[in-house]
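Here's a quick briefing to read with the structure open beside you. Have a look at the model, then work through the topics below.

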Amino acid sequence: MSIRLVVLGSGSAGNATCIEGGGARVLLDAGFSCRELQARLRAVGVEPQRLDALVITHEHADHIRGAALFSQTHKVPLYCTAATFRAAGLARAGIHGHGVFAHVAVEPGMAFEIGGLRLRPFSVPHDAADTVGYAVECDGGRFGYATDLGHDAMPVREALRNCDLLMLESNHDVEMLRRGPYPQVVKERVLGRHGHLDNETAAALLCDVATDRTRRIILAHLSRTNNRPELALKAARREFERRGRKAPVLHPAAQAAPSGWFDA
Ligand SMILES: [Zn+2]
Ligand SMILES: [Zn+2]
């Protein structure tokens, strides 16, 4: 067992995943309030002050909401790109008393290590300053994470290929979104090349990047308004079946409560 992780929650109301491996423990995205992050960590048996890093993908509130206060409160450094740090307003936040404990700037394509965990950020097409996903490796285990992306760009495909465990956005059912209550401008944003991934596109991408090694897939960032866990699951299963392949075990991530622990 080289990497263990638990999804504390996923969706437009907040994203956070706790990853352990090689003696280190990091929080990938911190999109709940500091108080909620603490509660969800404790609910899965992790004391908040035992984290070694907060690793943030982009500045949208559902990924960074509690990051500054958590970083300050528990003296945990925050890792994100320089552009994300600026766009989140964290660079000048110190004067208002909401700065981070420490910031470490990361760059897409440049791997770094936290304890025995090796993290490689990769560029993701999304409407934020400099959005990244992450490939995480430890002792031969490999985990791929991409939660907010408008389309299946090449760096995403390369980074997610051949992982033991994958966590990919399966945001919406296109028909539900089209017929749903969102204003037209929001629908266009979600459907756009820098918005969010629909079930069918996610399913095709998963089939392309999953190999015999890929045992589990977590379907993430499901829209509460424009998707249902069954629809996301069905789309993924159908695509593996269509290609004559056995699907890995599929888990829809929930917004309201943490998942169980997964191994990679
Ligand atoms: Zn998001
Ligand atoms: Zn986003």
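Which exposed residues does the face of α1 turned away from its buried side carry? They are Arg35, Arg42 and Ala43. Keep in mind that this is a predicted model. The domain assignment splits the protein chain into domain 1 (1–123) and domain 2 (149–251), and the notes below go from single helices to the core and then to a run of strands.

**Helix α1**
- Helix α1 spans residues 34–43, and its buried residues are Leu37, Arg40 and Leu41.
- Those three sit on the same side of α1, because they cover an arc of only 100° around the axis.
- An α-helix has 3.6 residues a turn, so residues three or four places apart point the same way.
- What do the buried residues of α1 pack against? Their partners are β1 (4–9), β2 (16–21) and α3 (67–74).
- After α1 comes Gly45, with a positive phi near 90°.

**Helix α8**
- Helix α8 covers residues 199–209, with Asn199, Ala202, Ala203, Leu205, Leu206 and Val209 buried.
- The arc they cover around the axis is only 165°, which puts these residues on the same side of α8.
- Packed against the buried residues of α8 you'll find two helices, α5 (154–160) and α9 (229–242), along with the strands β11 (165–169) and β12 (216–220).

**Glu239**
- Glu239 has its place in helix α9.
- Is Glu239 buried or exposed? Glu239 counts as buried because 20 other C-beta atoms lie within 10 Å, and the cut-off for burial is 20 or more.
- Leaving out residues up to four places away in sequence, Glu239 touches Ala203, Ala204 and Cys207. Ala203 is also one of the buried residues of α8.
- Ile218 is 21 residues from Glu239 along the chain, and their C-alpha atoms are separated by 16 Å.

**The nonpolar core**
- The largest nonpolar core has 74 residues. Those that touch the most other members are Leu54, Val55, Val136, Leu166, Leu168, Leu206 and Leu219.
- Where does this core lie relative to the domains? Domain 1 (1–123) and domain 2 (149–251) both contribute residues, so the core lies between them.
- Leu206, named in that list, is also one of the buried residues of α8.
- Take Leu54 as a case: not counting residues up to four places away in sequence, Leu54 touches Leu27, Ala30, Ala67, Phe70, Ser71, Val76, Leu78 and Tyr79.
- In soluble globular proteins, nonpolar side chains tend to be buried together.

**Where the domains meet**
- The C-alpha centres of domain 1 and domain 2 are 24 Å apart.
- Contacts between the two involve 8 residues of domain 1 and 10 residues of domain 2.
- On the domain 1 side, the residues touching domain 2 break down into 2 nonpolar, 6 polar and no charged.

**Strands β7, β8 and β9**
- Strand β7 (residues 112–114) pairs with strand β8 (residues 117–123) through 3 bridges, in the antiparallel sense.
- Across that pairing, Glu113 stands opposite Arg118 in β8.
- How many residues lie between β7 and β8 in their hairpin? There are 2, and Gly115 in the turn has a positive phi of about 55°.
- Strand β8 also runs antiparallel to strand β9 (residues 132–138), with 6 bridges joining them.
- In that second pairing, Arg120 stands opposite Ala135 in β9.

Methods. Residues numbered from 1 in each chain as written. Chains lettered and ligands numbered in written order. Predicted model: local features only at pLDDT ≥ 70, side-chain atom pairs only at ≥ 80, totals over all residues. Pairing = 2+ DSSP bridges. Helix = DSSP H or I, 4+ residues; strand = E, 2+ residues; numbered from the N terminus. Domains from an automatic or database assignment. Contact = placed C-beta atoms within 7 Å. Nonpolar A, V, L, I, M, F, W, Y, C, P; charged D, E, K, R; others polar. Buried ≥ 20, exposed ≤ 12 C-beta atoms within 10 Å, placed from the backbone. Arc of directions from axis to C-beta. Core = buried A, V, L, I, M, F, W, Y, C linked by C-beta atoms within 7 Å.
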